[in-house]
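Here are a few exercises to work through with the model open on your screen. Try each one before you read its solution.

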Amino acid sequence: MSSPDPQVRAARNRSTQTSAPGRGSAGRGPVVAVTGAATGVGELLTRRLAGSDEVKQVIAIDERRGEVAEAQWHILDVRDPAIAEKLRGADVVVHLALDLDLETDSAARTAYNVRGTQTVLTAAAAAGVHRVVLCTSAMVYGALPENDIPLSEDAELRATAEATGVGDLLEIERLGRRAPRAHPGLNVTVVRPAVLVGGTDTALTRYFESPRLLVVAGSRPTWQFCHVEDLVSALEYAALEKVDGELAVGCDGWLEQEEVEELSGIRRMELPSAVALGAAARLHRIGLTPSPAGDLAYTMHPWVVSVSRLHDAGWRPQWTNEEVLAALLEEVEGRHTVAGRRLGRKDATAAGAAGATVALLGTAALVRRARKARRRL
């Protein structure tokens, strides 16, 4: 693995220096269990908690052993009821074992995410854990033209299941709301990051891999990012019980589409709504793109959120929207995506910007190629 770029190293340094206040109570803090601890956000949080003087012990749970030697590792699937025994002695569980991979079969993804969350919540209650922290996304608020900017953290969740993984996240939120009623004494905190950047691959990060930024005519896109290092520090706040309830996390403020285009240097391609949505639906239906048409709403309408609860608790983001966008552009450099479908270098060279336009209109050679392939079967 290559060494992190200077921005990521600087973020890690700042993150360490500005960790939640009150350090120095070694051995007297909570025992925190982290699911999905071997990779991604789970690994970063496990490493951070393992190095904190405010945490007595870290229990790490995943299907393979990770690299944080200071944690106590348990290797199992979070859907296994035996997880209850592994959680005994934990005060807090941070549940990060989710599959939001664009390429995963949607039914398998939902079965894993929902069953895993159900099992973790039930097991935590059985093991005497008093707090579970769930991580979903600010996407659960829904992207709608009439949304307030920013949305209050108490705003109604108006998303639908039409975008990738959002149906799973809404069900996870529902399970989180029901758990304290089913298991008195169990508290649930929900953390909802904005567009997450830093080793992530989502429909929203792939938006910036395109040769042109698709803008639907008449829409008003707004962009609020969350660097993974800021999400980890917010999850630490939640694990240490310095904030609770339902809270959003992200950079302060937002960027308008025009600012994103100026900062990125990527020009827009504007299409009528019916054309863009119809093409996205057709391309997804015939299996050419992993993203359903519902993903487009999050690039059309505002879903910027307030982060007031974390602010009130003393937390501050260490990244600005401009810095996260720059980091994202550096991360995706050299990748080529057309209508949500990542292309190899050869395909990208052949497609180019014109190919992107054709693909979005749903009449590209990609469609003809798929039809020919089906006829040969």
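A residue counts as buried when its relative accessible area is under 20%, and as exposed when that value is over 50%. Keep in mind that this is a predicted model.

**Exercise 1.** Work out whether Thr-117 is buried or exposed, and find what surrounds it.

*Solution.* Start with the location: Thr-117 belongs to helix α4, residues 106–126. Next, check the accessibility. Thr-117 comes out at 0%, so it is buried. Now look for partners beyond four places in sequence: Thr-117 touches His-95, Leu-98, Leu-134, Ile-172 and Leu-175.

**Exercise 2.** Trace the order of the strands in the open sheet, then say which strands stand at its edges.

*Solution.* Walk across the 7 strands and you get β3-β2-β1-β4-β5-β6-β11, paired in parallel. The edges are β3 (72–75) and β11 (246–249); each has a single partner strand, so one side of each lacks a neighbour in the sheet. From one strand to the next, the twist averages 20°. Zooming in, β2 (residues 57–62) pairs with β3 over 4 bridges, and Ala-60 sits opposite Trp-73 of β3.

**Exercise 3.** Find which strands helix α2 touches and which ones helix α5 lies across.

*Solution.* Take helix α2 (residues 40–50) to begin with: it packs on the sheet against β1, β2 and β4, at about 165° to β1. Then go to helix α5 (residues 166–182), which lies across β5, β6 and β11 and runs at about 160° to β6.

**Exercise 4.** Decide where pLDDT drops below 50.

*Solution.* Begin with the chain average, a pLDDT of 86, with 81% of residues scoring at least 70. Residues 1–26 fall below 50, and residues 345–368 stay under 50 too.

Technical notes. Residues numbered from 1 in each chain as written. Predicted model: local features only at pLDDT ≥ 70, side-chain atom pairs only at ≥ 80, totals over all residues. Heavy atoms only, no water. pLDDT = per-residue confidence, 0-100. Contact = heavy atoms within 4.5 Å. Helix = DSSP H or I, 4+ residues; strand = E, 2+ residues; numbered from the N terminus. Buried < 20%, exposed > 50% of the residue type's maximum accessible area, 1.4 Å probe, protein only. Pairing = 2+ DSSP bridges. Axes fitted to C-alpha atoms, helices over the stretch in contact; angles between N-to-C directions.
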